Structures are given as structure tokens and as C-alpha cells.
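Okay, thanks everyone for squeezing in. I'd like to walk you through one model today, mostly helix packing plus a few backbone oddities. Have a look at it on the screen.

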Amino acid sequence: MLLKEYIQSHVMVYAFILNILCHLSSNTKKYLSLIKEMSNIDSISDYSMFCKHMKSTKNNPSITAPRYDKYCSESLRNYGYYQAILKYAGIENDSFPYIAFEHGVRFSSAHWTESSEKPIHTISYACQGPGRHSEIHDLDPWKPVFIFGPYIHYVSPYYSNEKTMQIKNNIGKVLLVFPSHSWERGEKKTECSLFDIVYKKYADYYDTILVCAYWNDIDAPIIDLFVKKGATIVSAGFRNDPNFIRRLKTIISLADDVVLDDIGTNIGFCKYMNKPVYLECASSRFPNDKYFTENFIRFHEAFFSHNRVFTEEQLLHQNKLYEFFWGGENYLKTADEVKDIFEVLKEMSIESYYNINKMPEFIRTHCGGTNIERRYKLMADAVSPSVWQ
């Protein structure tokens, strides 16, 4: 076996080496300092302060994306999902992540890379809906893939209920606008006429136009247009800020309706929180990606309305998309179930000496029966059904 393959199969060693490389990086201290600084800024109530701090650092790739990072870094760093789920279950923040949480819903076809995020090099994987199951199990049918439903379910709001209600009373009926966001490693978003659409089609029906700006787009032209028109601009914060998802939940809670110009993870979050979603912009921003474009068309058919009223057929279509990509409410886990998942993963890892090549044997031995403990049943359901046939 090649040294690289040996190291990657022994995930504790792999994680340890990546962690050491991360802390040897000269940018790591700056990066961690930035996260701490940004997490203390209320990017909802004090958006101007957030912008001031973000503009000075957002275009510096050495700070926002260190060369090395921890094993399962996407889970640990992005948006605060992992931390929220641990808190929900009352689990102390273990320094070793046993699950690679997919940070967003994937609408394009899978394109795995040789990185620590590739499912074959992780102990287990987590996503929101069942749509990802088969893609991961096509690579490894024994890889546990846990479906959690909409991650936002597990999140505590950023503000207290009293403060949120006070804000809501002050701003009245709210249209929340999510302009499609760019990708910090270089992808440029395609602008459509969302600004014009909002003020021609929607604005007259609302007291407040609330625009949620992605951290990398705080200086985008469309944000400036909304500012000049008098819209209220907010942000969920820096991508790697663990408070990101808490702020996003509070921002969505303030909305009466939501309008956006691209498909994204926020659609399912809004559906979970019972907020009507309207999808404007009729063309995909990735026309060369057949799978993404096909999904965009499906979502546009379900979430676009000329008169802001959906047909029964559209509502049924929305629910099917919600259940496929986000799992709906069917896959939500109780706090005890989340604890069981982490406990059985830790048990499997210790018994297998953190060697992923030995983990299928643990699953075969402990999880193949009928009258088994709940944690083993959760594990059995997480691998491909084909392994039990």
C-alpha cells in the first residue's frame, strides 16, 4: 500500500498530520483571529460595522482560506452547522470530527476530488436529504451516510424571542431578498434583474425590503442598488463564523415572504420555517452543467409565480423537492438519536483503530441483526441497503 493511502486509511493519523500542517502555516493565527473578531460582530443590527471589518480582509485568500486545515474541515469551519448539532444534542465539542457534514445542498452532479472531504477518506458522511445517499454509496456502499433533514432545525436563534419580536414589530411586513452569491475562490455570479423585479413586482406589498448580503458580496453592485433605494441590508456574517447559521435563522424568522434569483440551500431552510419562497430569474447561472440546469428548471417551475400565488400542483412539487434535497421533517433526529450516532461512530472508530478499511467489519458484526440497540439500527440504516441483501 502506498504511504498516502495508508495515512488516509488511518484517519486519526491523517487528521493529526493535517492539523500539524495547518498550525505550521503562517496564516493560521491571522485566520483564527479573523474568525474570532467576526463572530463578535452583530451583522444583523450592525451591518455597517460588519462591512468595515470584512472589506479589509475578504480579498486576501491567504487569510480566508489557509492552505492546510483540519480533517473534515468543511464540517468544522463552514456556517456553524456542526457546532449547532453538537449543542442540540448536549455533546461536548470533541476535537475529532466523526462526521463530514456536507455544508450545503448540491444541485449539480457529484465531482469528487482527492481531498480530505472525499467520502472514501472519512469515517462517515452527513447530508440533509436522501438525494445524496446513492451518490456517496456508489463510491463506497459501506460508508455510513446520516440524513439529518434541514440543518436549521438544530439551530438556536441569534436573538432572544423578545428581541426578535421587537425588531419584527418595528419593521412590519417584510420581504426578504437573497441575491445569488459568488464563490470566494473566483466564481462570478450572473446578475439578473432581481433589483428591478423586487421593486416592480413585490415592494408595494411590504413595509420593509430586507436584503441578506453574502459576506463576499458586500460590495456587489446589486447591494449598492438596494442601499440607494432604501432597503435594509443585513448579513448572516462571515462564512467560517460559527454564528452564521444562528443569524441566518433569525433573519429568515423576520420575513413574511422570501424572493431569490437562484437555487440554494436557503430555499429548504425557508420551507422548514414556513416562509413562502419565490424564485425569479428564469435562466441557470451554470448553463454548461446539465444536471444543475435541469434542477434549476424544476425549481423554477415550482417556485415561480406571475401573481405571487402558487397553484396546488406547484405546492405539491415544492414539497417533493423539499423532501428530496432537504429531507423534509421525515429525517429529523432527536437529541438522543444524535447522541447515539456519535457514540456508535466513536465505538466503531476505537474498535477499528481508526482504520476505515476495518470499519465495514464492525458494521457487519454489530448492525446486521433485527433486535439491535438503537445506535446500531441508526448505523445499519446509514449504509447502502445493498450490503444487507
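I'll start with the whole chain, then go through two helix pairs, and finish in the loops.

One thing up front: this is a predicted model. The chain runs to 389 residues, and 56% of them are buried. By secondary structure, we have 18 helices and 8 strands. If you take the contacts with a separation of 6 or more, 68% of those come from residues 24 or more positions apart.

Right, first pair. Helix α10, residues 194–202, packs with helix α11, residues 221–229, at an angle of about 30 degrees, and their axes are 10 Å apart. Since anything under 35 degrees counts as roughly parallel, that makes α10 roughly parallel to α11. And who makes the contact? On the α10 side you've got L194, F195, V198 and Y199, and α11 brings I222, L225, F226 and K229. Sorted by class, that's 7 nonpolar residues, no polar ones and 1 charged.

Let's stay on α11 for a minute. Which of its residues are buried? They're I222, I223 and F226. Looking down the axis of α11, those buried residues fall within an arc of 105 degrees, so they line one face of the helix. As a reminder, an α-helix has 3.6 residues a turn, so residues three or four places apart point the same way. Over on the other side of α11, P221 and K228 are exposed.

So what do the buried residues of α11 pack against? There's α10, which we've just met, plus helix α4 (47–55) and the strands β4 (174–178), β5 (208–212) and β6 (232–234). Then, following α11, you run into G230, with a positive phi near 95 degrees.

Second pair: α14, residues 290–303, and α15, residues 312–326. Here the packing angle is about 140 degrees, with the axes 8 Å apart. Roughly antiparallel needs an angle over 145, so α14 ends up being oblique to α15. The crossing of α14 past α15 is left-handed. From α14, the residues involved are N295, R298, F299, E301, A302 and F303, and they meet Q314, H317, Q318, L321, F325 and W326 in α15. That contact divides into 6 nonpolar, 4 polar and 2 charged residues.

Okay, loops. Most residues other than glycine have a negative phi. With that in mind, have a look at N274: phi is near 60 degrees, so to speak on the positive side, and it isn't a glycine. N274 sits in the loop between α13 (265–272) and β8 (277–279). Is N274 buried or exposed? It's exposed, at a relative accessible area of 68%.

Y353 is another non-glycine residue with a positive phi, near 55 degrees in this case. You'll find Y353 in the loop between α16 (335–351) and α17 (359–367), and Y353 is exposed too, with a relative accessible area of 65%.

Last one, N243. This residue is in the loop between β6 and α12 (244–253). N243 has a relative accessibility of 16%, and the cut-off for buried is under 20%, so N243 counts as buried. Leaving out residues up to four places away in sequence, N243 touches S39, Y158 and A236.

That's my tour, so shout if you want to go back to any of it.

Terms used. Residues numbered from 1 in each chain as written. Predicted model: local features only at pLDDT ≥ 70, side-chain atom pairs only at ≥ 80, totals over all residues. Heavy atoms only, no water. Helix = DSSP H or I, 4+ residues; strand = E, 2+ residues; numbered from the N terminus. Buried < 20%, exposed > 50% of the residue type's maximum accessible area, 1.4 Å probe, protein only. Axes fitted to C-alpha atoms, helices over the stretch in contact; angles between N-to-C directions. Parallel < 35°, antiparallel > 145°, perpendicular 65-115°, else oblique. Contact = heavy atoms within 4.5 Å. Nonpolar A, V, L, I, M, F, W, Y, C, P; charged D, E, K, R; others polar. Arc of directions from axis to C-beta. Left-handed = near helix turned anticlockwise from the far one by under 90°.
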